[in-house]
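Student: Could you take me closely through a single part of this model, the largest pocket, and then connect that part to the rest of the chain? I would like one continuous account rather than a list.

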Amino acid sequence: MKCTVNWMPASGMAFSAETGSGHLLMMDGAPDGGGRNLAPRPMETVLAGTGGCTAYDVVLILKRGRHDVRGCQVQVEAERAETDPKVFTKIHMHFVITGRGLPEAAVQRAIQMSHDKYCSASIMLGKTATITTSYEIVEG
């Protein structure tokens with residue numbers, strides 16, 4: 001896996017990242033750090049990537065179990081250390097899973113499997129942060 005990150009000096013503290021799969025991602029800093037708030041902060045992209053990683057796992061696990069999953073939202077909230085390095089110290093992921101006749105046990109199992117075995121991002125962040133999860137199932 002590769003990623004090339006380039007600083008864009010004319011924009012203050014903005015950076016463009018080109019991923020190994022050929023996609024572009026923009027990041028920027030807060031105004032108090034020289035940025036212009038034109039894109040997510042780098043640590044926000046880490047948090048978003050973690051939410052995307054676990055959502056991917058949960059949907060895939062439910063689909064492989066032949067469950068009628070139709071939506072998956074992960075609301076991620078995090079706290080960071082107050083001093084440098086400002087690592088994540090607490091992360092809570094609330095899953096809203098939509099589908100038809102989804103068994104609660106299957107949803108619990110999918111979230112747990114992602115958390116314990118498959119989601120590289122959350123397992124990595126779990127080295128510095130306490131990660132908790134909750135969920136709700138919406139029929140639809």
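Tutor: Helix H1 makes the largest contribution to the lining of the largest pocket, giving 5 residues, and in this predicted model the helix itself runs over residues 42–64. Helix H3 (120–125) is the other helix to be named here, since H1 and H3 each supply at least two residues of that lining. The residues that line the pocket are Thr45, Val46, Gly49, Thr50, Cys53, Ser120, Ala121, Met124 and Leu125, and the space within the pocket comes to about 280 Å³. As a general matter, empty space of this kind is found by rolling a probe the size of a water molecule over the atoms.

One of the lining residues, Cys53, deserves a separate word. Cys53 has a relative accessible area of 21% and therefore counts as partly exposed, the limit for a buried residue being under 20%. The count of disulfides in the model is 0. Cys3 is accordingly in no disulfide, and the nearest cysteine sulfur to it, that of Cys53, is 16 Å away. Cys3 is likewise partly exposed, because its relative accessibility is 48%.

The stretch that leads into H1 can be followed backwards from the pocket. The loop between S3 and H1 holds Pro40 and also Asn37. Pro40 has a relative accessibility of 38% and so counts as partly exposed, and its C-alpha atom is 9.5 Å from that of Ala14, although the two residues are 26 apart along the chain. Asn37, at 47% relative accessibility, is partly exposed as well, and has a positive phi of about 60° although it is not a glycine. For context, most residues other than glycine have a negative phi, and most peptide bonds are trans.

On the other side of H1, the loop between H1 and S4 contains Arg66, a residue other than glycine whose phi is also positive, near 60°. Arg66 counts as exposed because its relative accessibility is 78%, where exposed means over 50%.

Before H1 in the sequence comes an open sheet of 3 strands in the order S1-S2-S3, with antiparallel pairing. Strand S1 (3–8) and strand S3 (24–27) stand at the edges of this sheet, each with a single partner strand, so that one side of each is left without a neighbour in the sheet. Neighbouring strands are turned against each other by 20° on average, direction ignored. Strand S2, residues 14–19, pairs with S3 in the antiparallel sense over 4 bridges; within this pairing Phe15 stands opposite Met27, and Glu18 stands opposite Leu24. S2 and S3 form a hairpin with 4 residues between them, and Gly22 in the turn has a positive phi of about 90°.

A second open sheet of 3 strands has the order S4-S5-S6, this one with mixed pairing. Its edge strands are S4 (68–80) and S6 (130–139), each of which pairs on one side only, and the twist from one strand to the next averages 15°. S4 and strand S5, residues 88–100, pair in the antiparallel sense over 12 bridges, and Glu77 has His92 in S5 as its bridge partner. The loop between S4 and S5 contains Pro85, which is joined to Asp84 by a cis peptide bond with omega of about -5°.

These pieces can now be placed in the whole chain. The chain has 3 helices and 6 strands, and read along the sequence they follow the pattern β-β-β-α-β-β-α-α-β. It is divided into domain 1 (3–33) and domain 2 (42–139), whose centres, taken over C-alpha atoms, are separated by 26 Å. Along its principal axes the C-alpha trace spans about 55 × 35 × 25 Å, and 29% of the 140 residues count as buried. To return to the part you asked about, the largest pocket is lined by residues that include Thr45 and Leu125, with H1 giving the most to that lining.

Technical notes
Residues are numbered from 1 along each chain as its sequence is written. This is a predicted model: local features need pLDDT of at least 70, side-chain atom pairs count only at pLDDT 80 or more; totals for chains, interfaces and linings use all residues. Side-chain values use heavy atoms; hydrogens and water are left out. Domain bounds come from an automatic or database domain assignment. Two strands pair if DSSP finds at least two bridges between them. Axes are lines fitted to C-alpha atoms, for helices over the stretch in contact, and angles run from 0 to 180 degrees between N-to-C directions. A disulfide is a pair of cysteine sulfur atoms within 2.5 Å. Buried means under 20% relative accessible area, exposed over 50%, partly exposed in between (1.4 Å probe, protein chains only). On a 1 Å grid over the protein atoms alone, a cavity is a set of points where a 1.4 Å probe fits but cannot get out, and a pocket is an open set with protein on both sides within 12 Å along at least five of seven lines; lining residues have an atom within 4 Å of a point. Grid points are joined across faces, edges and corners, and a volume is the space filled by probe spheres set on the points.
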